[in-house]
Amino acid sequence: MKINDFQRTPPVYLELQQRLLTRVRALIQSQYSVELGPIAPVSLVVEQPPDLKLGEFALPVAFELARKLRKAPKIIAADLAAALNKSLETVAFLLPENSAGTAQGLAISRFEAAGAGYLNVYLNRATLTSALAQFDPRPQPNSGLHVLVEHTSINPNKAAHVGHLRNAILGDTFVRLLRANGQKVDIQNYIDNTGVQVADVVVGFLHLEGKSLRHIREIIAASTGDSKLREQRFDYICWELYARISQWYDAGSEAENKQRKALRYATLHEIEAGNNETAEVAELISTAVVKMHLDTMLRLGIEYDFLPRESEILRLKFWDVAFDQLKQSGVLYFETEGKNKGCWVMTRPDAKTTEGETDEDAKVIVRSNGTVTYVGKDIAYHLWKFGLLGRDFGYRPFYAYDNHVCWISTTDGIEPHPHFGGAQAIYNVIDSRQSDPQANVIQALRGMGHTAEADRYTHFSYEMVALTPRCAVELGYTVAPEDLARPYIEVSGRKGFGVKADDLIDRLIAATRKETDARQPERPEAERQQIAEQIAIGALRYFMLKFTRGTVIAFDFKDALSFEGETGPYIQYAIVRIRNIFRKAETTPEAVLAAFAELAKRGTISTTTQDEHKEASELPQESHAEGSVTGHDFSRADTATKTEGASAPAGISALPLLQEADEIWTIWLRAAKRSFTLDQAITTSEPAYVARHVFQLAQEFNNFYHRHHILTEEDPARKTLLLATAAIALRELITLLSWLGIESPEAM
RNA sequence: GCACCCGUAGCUCAGCUGGAUAGAGCGAACGCCUCCGAAGCGUUAGGUCACAAGUUCGAAUCUUGUCGGGUGCACCA
């Protein structure tokens, strides 16, 4: 019998399913191809039955065959089940060898027809738990694609708000998922430091406030230093000023307003041009704000590798290079008629082309005055991302993390520097309001013949975070009557309307700190603070991740400040409980899992028929340390217990428990499902799948915890099983939370 | 007008490539700490899956249409 199927692959859900399908397909081919002639490919799907009593997998294939065979689905399913059971050894494939080189047994214990015609598959619990205890199912290094993820990208003219938190948390989590999948990922945070938003704050400081360059330096120095010394945060000062200047443009007489707007654009042009005092002010402000954004994100465990800035895209003339390429490839054409006369334009992705007519709907890339639009610059930038531009940024170090440095773009950088760009796949975490411009860029890439790149360009889009009217009122904003009736109100930096990220984090920490102070009074202050921060960040990150991307989050403090139910702290609490169990049991999860794998192996080797007695008798008689829970033999009990498919070599007191107690098995099954969930989350760009998966595991553990009292269990083998189940839950919970960027506290 | 997203329990949301009795959390009512931490567990109440037609053995899921909510469709960035 071949046992190489799984030799190096952990026994995980996805592989189990795939192998199962291969076998079933083969059977159908041989069984029914005569009756059907050359049969059309039957679409085989694997489902999960509504209840574990019905098995782990269900195949509705009989329904599909029913009409072709003119037979009742029930009968077909029964035939299939019988045939599969008859040749179980060839169908149910083996799990990997263990360290001793002994095959561990079949992964599938039996097939059964059920319901109206389902073919249900029952996995071999003993075999799989034993294998899972031995192997931490880590995916192998993947395709090796060099991936670039861009997220956060907050305009550097004001403080970050809740909407930016959703972006950064989604992006950061997705990076962690890609890396867990074995991919090499660079993280970029694009900085638009030359736009009107920055110009507005510059106008605010220079003209509304009448500050000089020197004065602005002083303000920045006083408001960006040590958080304990500064009276105000610079990003908050800018938040307020940005709201004020936005109103100021419309607050004067008509003539005044015209003058103010002129001032605004003059300022913008000076910033874009560079090499002048206004540009210097803009540079000071935006750099100071960016640093604060990085501080804020670091509170959430979010780090970056590189900050490309718009100022360098302009000054290093990325556009000029891109423009040539776009003209050469014919993506851009010069419009000579209609409203876009004199512009270089591009046909839109979904445009219906009518011959000869001027495309009034075309996207303008270069204006009639010769300046390039935002989309044009974005195309150039994305050519660089894929290494197609033939021009690079200069680099210098900008922000130091514990383990690495974040670099920033500059016109003339230092050597040596790491290489960024030239990625094979990119993900842009940008909210769904940007899907049109994103589609334009993809369209341009495709039009230039870079179809592979266009295919690997993912707009990781998500819906915005808005405030509930109640929340807006609570924050002291005056809310228009018509807005009070709406489900949510969009945040607006221009109006200064929104929840600032650091305010929210501070409130969360204050709330968790109150709890830890009450629950852990004996712990030192620093520890209580650390725990409070871990819980607060866990709550926040989980809150942002539990919604699927397409859902608008109507933000409310009541929901965000909740630590019960479907929250990060709920999951963290399960971890703390498990850690306490191991502390009191005076053993470790690793030791328990090793012991369990060994014992389970002895008890379950003989699901293959011929070898069972021989193998059972050949088992080495190992002796284990006295008094350790790991020292008891699974097969010690004399009462022989029949397990399905084979008789166990000796009575195994834990095995019936594993067979019958679905609340135990469901935890192991979920562990096996980890790679499946990861794969699903990555292919659909949906981190919420992982969030839900880990919450369900925590729920399953709590359920198990309340049904089985582990430490007082008297039967040693049963106790080993219970402890091993807790160990698996712990291993999974910690791993999965780390993927979500959530820490696992020692106590809480 | 066109494009995209959303409409599922009182509220906030899951429901993967169509499949067996539609699931969580919060809120409500009632229980559970002489036993591994109650940031927990259990029980109960609560749904014509917006509406209509179609495809199918089978639809919350796919198609089309209607209604309702949101967002985006500039030579602004």
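**Stop 1: the surroundings of RNA strand B**

Select RNA strand B together with the residues near it, a residue being near a strand if one of its heavy atoms lies within 4 Å of it. In this predicted model, 70 residues surround RNA strand B, and the closest are Tyr-118, Arg-367, Thr-548, Tyr-573 and Tyr-705. Sugar and phosphate account for 66% of the atoms of RNA strand B that come within 4 Å of the protein.

Two sentences on conventions apply throughout. Residues are numbered from 1 along each chain as its sequence is written, and chains are lettered from A and ligands numbered from 1 in the order in which they are written. Local features need pLDDT of at least 70, side-chain atom pairs count only at pLDDT 80 or more, and totals for chains, interfaces and linings use all residues, while side-chain values use heavy atoms, with hydrogens and water left out.

Colour the surface near RNA strand B by residue class. It has 28 nonpolar, 21 polar and 21 charged residues; Ala, Val, Leu, Ile, Met, Phe, Trp, Tyr, Cys and Pro count as nonpolar, Asp, Glu, Lys and Arg as charged, and the others, Gly among them, as polar.

Next, colour by secondary structure, where helices (H or I, at least four residues) and strands (E, at least two) are DSSP runs numbered from the N terminus. Elements that each supply at least two residues of this surface include helix 2 (61–69), strand 3 (118–123), helix 14 (374–385) and helix 22 (568–585). Which element gives the largest share of the surface near RNA strand B? Helix 28 does, with eight residues; this helix spans 688–707.

Stay on helix 28 (688–707) and display the side chains of Gln-699 and Asn-702. A polar side-chain atom of Gln-699 lies 3.2 Å from a sugar or linking oxygen of RNA strand B, and for a polar side-chain atom of Asn-702 the distance to a sugar or linking oxygen of the strand is 3.3 Å. Then select Lys-339, where a polar backbone atom is 3.3 Å from a base nitrogen of RNA strand B.

**Stop 2: the second largest pocket**

Hide the RNA and display the second largest pocket, which has a volume of about 660 Å³. Pockets are found on a 1 Å grid over the protein atoms alone: a pocket is an open set of points where a 1.4 Å probe fits, with protein on both sides within 12 Å along at least five of seven lines, and lining residues have an atom within 4 Å of a point. Grid points are joined across faces, edges and corners, and a volume is the space filled by probe spheres set on the points.

Of the 24 lining residues, Leu-298, Arg-299, Leu-300, Gly-301 and Glu-743 are the closest to the centre of this pocket. The lining has eight nonpolar, eight polar and eight charged residues. Helix 6 (162–180), helix 11 (277–299) and helix 20 (525–545) each supply at least two of them, and helix 20 gives the largest share, six residues. Domain 2 (190–303) and domain 3 (492–560) each contribute at least three residues to the lining, the domain bounds coming from an automatic or database domain assignment.

**Stop 3: Glu-150**

Select Glu-150 in strand 4 (residues 146–150). Is Glu-150 buried or exposed? Glu-150 counts as buried because its relative accessibility is 6%; buried means under 20% relative accessible area, exposed over 50%, and partly exposed in between (1.4 Å probe, protein chains only). Its side chain makes polar contacts with the side chains of Tyr-381, at 2.7 Å, and Lys-385, at 2.8 Å. A polar contact is a pair of N or O atoms within 3.5 Å; within protein, one must be able to donate a hydrogen and the other to accept it, and residues adjacent in sequence count only if both atoms are side-chain atoms.

**Stop 4: Asn-124**

Move to Asn-124, in the loop between strand 3 and helix 5 (125–134). Asn-124 is buried, with a relative accessible area of 8%. A polar atom of its side chain lies 3.3 Å from the backbone nitrogen of Ala-126, and a polar contact of 2.9 Å joins the side chains of Asn-124 and Thr-127.

**Stop 5: backbone geometry**

Finish with a backbone trace. Arg-70, in the loop between helix 2 and helix 3 (73–86), has a positive phi of about 55 degrees although it is not a glycine, and at 78% relative accessibility Arg-70 counts as exposed. Glu-586 also has a positive phi of about 55 degrees; its place is in the loop between helix 22 and helix 23 (589–604). Lastly, the peptide bond from Glu-415 to Pro-416 is cis, with omega near -5 degrees, and Pro-416 is in the loop between strand 11 (405–410) and strand 12 (425–431).
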